[in-house]
Amino acid sequence: MTDTAQDLLDVRYMARALELARKGLYSAHPNPRVGCVIVRDGQVVGEGWHARAGEPHAEVHALRQAGEKARGATAYVTLEPCSHHGRTPPCAEALVAAGLGRVVAAMQDPNPQVAGRGLLLLAEAGIAVHSGVLEDEARALNVGFIKRMERGLPFVRVKLAMSLDGRTAMASGESQWITGPAARAEVQRLRARSSVVLSGADTVLADGARLTVRPDELGLSAELTALAMTRPPLRVLVDGRLRVPLDAPFFQTGAALVATCAAASARDRFLAEGHELLAVPGSSGHVDLRKLLAELAARGANEVLVEAGPRLAGAFARLGLVDEYQLFVAPKFLGSSARPLLDLPLARMVEAQDLEIRDIRAVGEDWRIIAVPKAAS
């Protein structure tokens, strides 16, 4: 077989492995989403994907399906097989024991506990190793895990819903509903894929927000919906002065974490209601958002979805903490007296924050724009 033909086959089977990995989009966190395909003599003999932390990894599922047919076969894995003992044994050792002839990885694992050791273990066992097939796609699937491993911070995605004239609510605060049901379903899926859904006191008080995942609006298969609901995102409320009362709707729908600058003396009161009060340093009653994100990453948060009003969303933007904006745009005008998208006071054009638009598409009657901050030149 020519190198070109082999390259095409590698891409084909890795694409299938990525398709499998995406099944873990809503449930694999804090672990990465990983898929595996085992091929022997041009036939797929085993497939697997990682569903939840503590359960078998993708390679193990694929090896079980392949059985003896794994000997001498090629395994396509979307992430370098792990080489360390965690909740489960090392997958690299399992691949060696199964007698694989070749292993193709989409990318090296950014986890310092692995970071090339898995591929080295395979190579030292005499297995042919190749890495870098569809790496960009693999990295995009696990942007949060990668950022947490490399920088100790989660990937921050800010969701904003606005009118065509860039307004998010009427002057009175009324905002339900700017966008239609298709856009709201897309937001439900954004929540479900996130480790954390975060909002501020203003939004929770004004909208009675609960920030829960509603399974009937996800539009997923029964299997993926059930998996998503076994690992709902942690709901985090940024409330520097503890303005939101414990009888608010937000606190009536399960446990939540409240990040505050207020005195820790209130901790027992929140704990008695099933919630955690996290004291985060700050100034003038405002939580230090970078320190909060570092704390969430330390707890295993890969992706944080910010659903907040203009003040808190603007604070994330001003501090350079946003990795991606998802803007849902409704075909309507709310008028000049309505509330702005972000509290982002700028005096000169040179201060404008440049964005790169990655995707624009229709979502029902609305539009979704995905944009990322441009790197400073």
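How far apart do the C-alpha centres of domain 1 and domain 2 lie? In this predicted model, the C-alpha centres of the two domains are separated by 34 Å.

**View 1. The two domains of the protein chain, domain 1 and domain 2.** Domain 1 covers residues 3-140, while domain 2 covers residues 153-373. Where the two parts meet, 12 residues of domain 1 are in contact with 15 residues of domain 2.

**View 2. The largest nonpolar core, with 49 residues.** Within this core, the residues that touch the most other members are Met14, Ile38, Ala75 and Leu100. Helix H1, which runs through residues 3-21, gives the most to the core, contributing six residues. Because domain 1 (3-140) and domain 2 (153-373) both give residues to this core, it lies between them.

**View 3. The second core, separate from the largest one and made of 34 residues.** Among the residues of this second core are Leu160, Leu257, Leu278 and Val306.

**View 4. The surroundings of Leu100, leaving aside its neighbours within four places in sequence.** With those neighbours set aside, Leu100 is in contact with Ile38, Leu63 and Ala70, with Gly72, Ala73, Thr74 and Ala75, and also with Leu95 and Ile127. Two of the residues named here, Ile38 and Ala75, also appear with Leu100 among the residues that touch the most other members of the largest nonpolar core.

**View 5. A nonpolar patch on the surface, made by Ile357, Ile360 and Trp367.** The patch formed by these three residues has an area of about 320 Å². One of its members, Ile357, is found in strand E17, which spans residues 355-363.

Key:
Residues numbered from 1 in each chain as written. Predicted model: local features only at pLDDT ≥ 70, side-chain atom pairs only at ≥ 80, totals over all residues. Heavy atoms only, no water. Patch = residues over 30% accessible without salt bridge, like charges linked within 9 Å, V, L, I, M, F, W, Y side chains within 5 Å. Areas by Shrake-Rupley, 256 points an atom, 1.4 Å probe, with all protein chains shown as cover. Salt bridge = Lys/Arg side-chain N within 4 Å of Asp/Glu carboxyl O. Helix = DSSP H or I, 4+ residues; strand = E, 2+ residues; numbered from the N terminus. Core = buried A, V, L, I, M, F, W, Y, C linked by side-chain atoms within 4.5 Å. Buried < 20%, exposed > 50% of the residue type's maximum accessible area, 1.4 Å probe, protein only. Domains from an automatic or database assignment. Contact = heavy atoms within 4.5 Å.
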